[in-house]
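Work through the exercises below with the sequence and the coordinates open. Try each task before reading its solution.

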Amino acid sequence: MVAVNRVFAAQLAGLPVFGPDGESIGKVRDLVIGLRVDRQPPRVLGLVLELATRRRIFVPMLRVTSIEPNAVTLATGSVNLRHFHQRTNEVLVVGQLLDARVRRDSGATAVLVDAAMEPSRTRDWRMTRVAVRERTGRLGRRGPVQVLRWEELSGLSVTELAGQPQGAQHLVAVFETMRAADVALALHSLPVKRRYEVAEALDDERLADVIEELGEEDQKDLLAHLDDERAADVLEAMDPDDAADLLAELPEGEKDRLLELMEPEESAPVKRLLEYSFDTAGGLMTPEPVVLAPDATVAEALAHVRNPDLTPALASMVFVCRPPTATPTGRYLGCVHIQRLLREPPSDLVAGVLDTDLATLGPDAALSDVTRYFAAYNLVCGPVVDESDHLLGAVTVDDVLDHLLPDNWRETGLTHA
């Protein structure tokens with residue numbers, strides 16, 4: 001028995017999904033509908049679920065036994081774990097319908113901001129209602145949201161949706177609650193036209209985070225879609241090592257043009273990274289680890305690693321060097337593991353708790369050597385130091401895994417054991 005009679009797509013997206021015994025399966029990411037030739041309400045075919053492994057699968061609506069305000073429950077039976085692939089006549093409600101321009105019978109144009117499904121007597125679900133907002137007056141002021149019957153609107157065929165320009169305000173709002181890696185996976189599954197529209201609507205920082213999580217081909221495609229000025233701004237917002245990896249895949253002329261458009265202080269570390277082969281410690285490293293002078297206190301070190309912009313791997317270790325502390329630094333003195341920092345009095349100096357015995361990586365160390373280094377010392381982050389004892393950067397375990405996994409691992413997701 002389904003607990004509610006009308007469910008709006010934007011409210012459903014993100015809800016946790018459980019099996020009949022209460023086991024967690026994943027989260028709802030979208031609804032799939034089959035559009036009709038006439039204007040009658042389309043049938044809701046099923047849900048797109050995202051598993052904990054980030055794989056996206058399709059679950060037919062007949063498998064849904066309960067939709068509550070805070071969760072969805074599925075019926076008994078195994079879940080098909082095959083990766084979801086959208087068919088020609090299918091439309092993703094969140095991914096493709098939100099922000100679509102539609103026409104009312106009165107002739108007025110409006111923007112679709114949400115859509116609601118309801119169960120029929122035959123246990124089918126139909127997309128029966130749409131929430132729209134009209135643009136009024138010569139200035140296009142936004143009117144109030146109105147909930148209408150599906151058949152009161154036109155402009156919702158597959159052909160019309162594919163051909164019209166579409167905003168992305170409401171889809172971006174749905175993405176606000178998602179991790180960048182999950183947004184990247186959602187973006188990859190969208191039609192190319194819709195992908196571009198979402199990219200244009202995201203701000204530079206958010207788009208940079210998402211591009212870092214995309215596969216190589218999607219990265220190059222999105223960057224090529226942006227005008228050069230915007231592309232340079234997005235590259236500046238990316239982590240230097242990710243920006244360098246992306247630029248290294250571009251033709252020389254395009255790479256040089258974008259580097260020239262970047263601010264000098266942003267392009268300098270990227271240019272340094274481009275001097276190294278991608279499969280060496282120098283090519284893998286980030287030039288922005290946490291670096292402190294020896295007279296810094298433990299309290300200062302802990303304050304730096306609390307920075308929410310740091311990845312857990314980068315936050316696991318503080319590097320201590322003689323000034324200057326910007327890479328390439330002065331003489332490298334050693335490192336302090338975060339566990340050690342947590343055990344020491346806050347007023348003590350980091351110079352007194354240094355790990356000076358940990359081996360360092362040279363910038364030309366091969367990927368196989370870096371992998372063995374992490375395994376031998378049980379690390380998630382390691383220093384890269386040149387022959388003159390200058391700290392050049394740090395390699396993190398996520399960058400190593402990125403280069404060990406198959407090229408398309410981001411698109412295919414991971415399978416259950």
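The exercises go from the whole chain to single residues, and the model they use is predicted.

**Exercise 1. The chain as a whole**

Task: State how many helices and strands the protein chain has, and describe its extent, surface and burial.

Solution.
1. The protein chain has 18 helices and 18 strands.
2. Along the principal axes, its C-alpha atoms fill a box of roughly 75 × 50 × 40 Å.
3. The accessible surface is about 20,300 Å², and carbon and sulfur atoms account for 50% of that surface.
4. Of the 417 residues in the chain, 50% are buried.
5. Take the contacts between residues at least 6 apart in sequence: 59% of them join residues at least 24 apart.

**Exercise 2. The nonpolar core**

Task: Find which members of the largest nonpolar core touch the most other members, then list what L12 touches.

Solution.
1. In soluble globular proteins, nonpolar side chains tend to be buried together.
2. The largest nonpolar core here holds 128 residues.
3. L12, V72, M117 and V395 are the ones that touch the most other members.
4. Leave out residues up to four places away in sequence, and L12 touches V7, V28, L31, L47, I67, V72 and M117.
5. V72 and M117, which L12 touches, are also among the residues named in step 3.

**Exercise 3. A helix and its cover**

Task: Say which residues of helix α6 are buried and which helices are among those that cover them.

Solution.
1. Helix α6 spans residues 192-201.
2. Its buried residues are R194, R195, Y196, E197, V198 and A199.
3. The cover over these buried residues includes α2 (93-97), α4 (169-175) and α5 (180-189).
4. It also includes α7 (204-212), α8 (216-225) and α9 (228-237).

**Exercise 4. A sheet of three strands**

Task: Work out the strand order, the edges and the pairing of the sheet that contains β15.

Solution.
1. Strands of a sheet pair through backbone hydrogen bonds, either parallel or antiparallel.
2. The order is β14-β15-β16, and the sheet is open with mixed pairing.
3. The edge strands, each pairing on one side only, are β14 (291-292) and β16 (332-337).
4. β14 pairs with β15 (residues 317-321) in the parallel sense, over two bridges.
5. To locate this pairing in the model, look at V291, which stands opposite F319 in β15.

**Exercise 5. Cis bonds in one loop**

Task: Find the cis peptide bonds in the stretch around P324 and P328, and place both prolines.

Solution.
1. Most residues other than glycine have a negative phi, and most peptide bonds are trans.
2. The bond from P323 to P324 is cis, with omega near 5°.
3. T327 and P328 are also joined by a cis bond, with omega about -10°.
4. P324 is in the loop between β15 and β16, and P328 is in the loop between β15 and β16 too.

**Exercise 6. Positive phi outside glycine**

Task: Compare the phi values of R54 and D99, and decide whether each residue is buried or exposed.

Solution.
1. R54 has a phi near 75°, and D99 has a phi of about 75°.
2. R54 is found in the loop between β4 (43-51) and β5 (56-60).
3. D99 is found in the loop between α2 and β9 (101-104).
4. Buried means under 20% relative accessible area.
5. R54, at 17%, is therefore buried.
6. D99, at 3%, is therefore buried.

**Exercise 7. Aromatic pairs**

Task: Count the aromatic pairs in the structure and classify the pair of Y373 and F374.

Solution.
1. The whole structure has three aromatic pairs.
2. The ring centres of Y373 and F374 are 5.9 Å apart and the planes stand at 80°, so this pair is edge-to-face.
3. Y373 is buried, at 7% relative accessibility, and F374 is buried at 7%.
4. Ring pairs join Y373, F374 and Y377 into a cluster.

**Exercise 8. Cysteines**

Task: How many disulfides does the structure contain, and which cysteine sulfur is nearest to that of C321 and of C381?

Solution.
1. The search finds zero disulfides.
2. For C321, the nearest cysteine sulfur is that of C335, 10 Å away.
3. For C381, the nearest is again that of C335, 8.7 Å away.
4. C321 is buried at 0% relative accessibility, and C381 is buried at 1%.

Terms used
Residues are numbered from 1 along each chain as its sequence is written. This is a predicted model: local features need pLDDT of at least 70, side-chain atom pairs count only at pLDDT 80 or more; totals for chains, interfaces and linings use all residues. Side-chain values use heavy atoms; hydrogens and water are left out. Two strands pair if DSSP finds at least two bridges between them. Helices (H or I, at least four residues) and strands (E, at least two) are DSSP runs, numbered from the N terminus. A nonpolar core is a set of buried Ala, Val, Leu, Ile, Met, Phe, Trp, Tyr and Cys residues joined through side-chain atoms within 4.5 Å. Buried means under 20% relative accessible area, exposed over 50%, partly exposed in between (1.4 Å probe, protein chains only). Contact means heavy atoms within 4.5 Å. Rings of Phe, Tyr and Trp (its six-membered ring) pair if their centres lie within 6.5 Å; planes under 30 degrees apart count as stacked, over 60 as edge-to-face and the rest as tilted. Accessible areas come from the Shrake-Rupley method with a 1.4 Å probe; for residues, only the protein chains shown count as cover. A disulfide is a pair of cysteine sulfur atoms within 2.5 Å.
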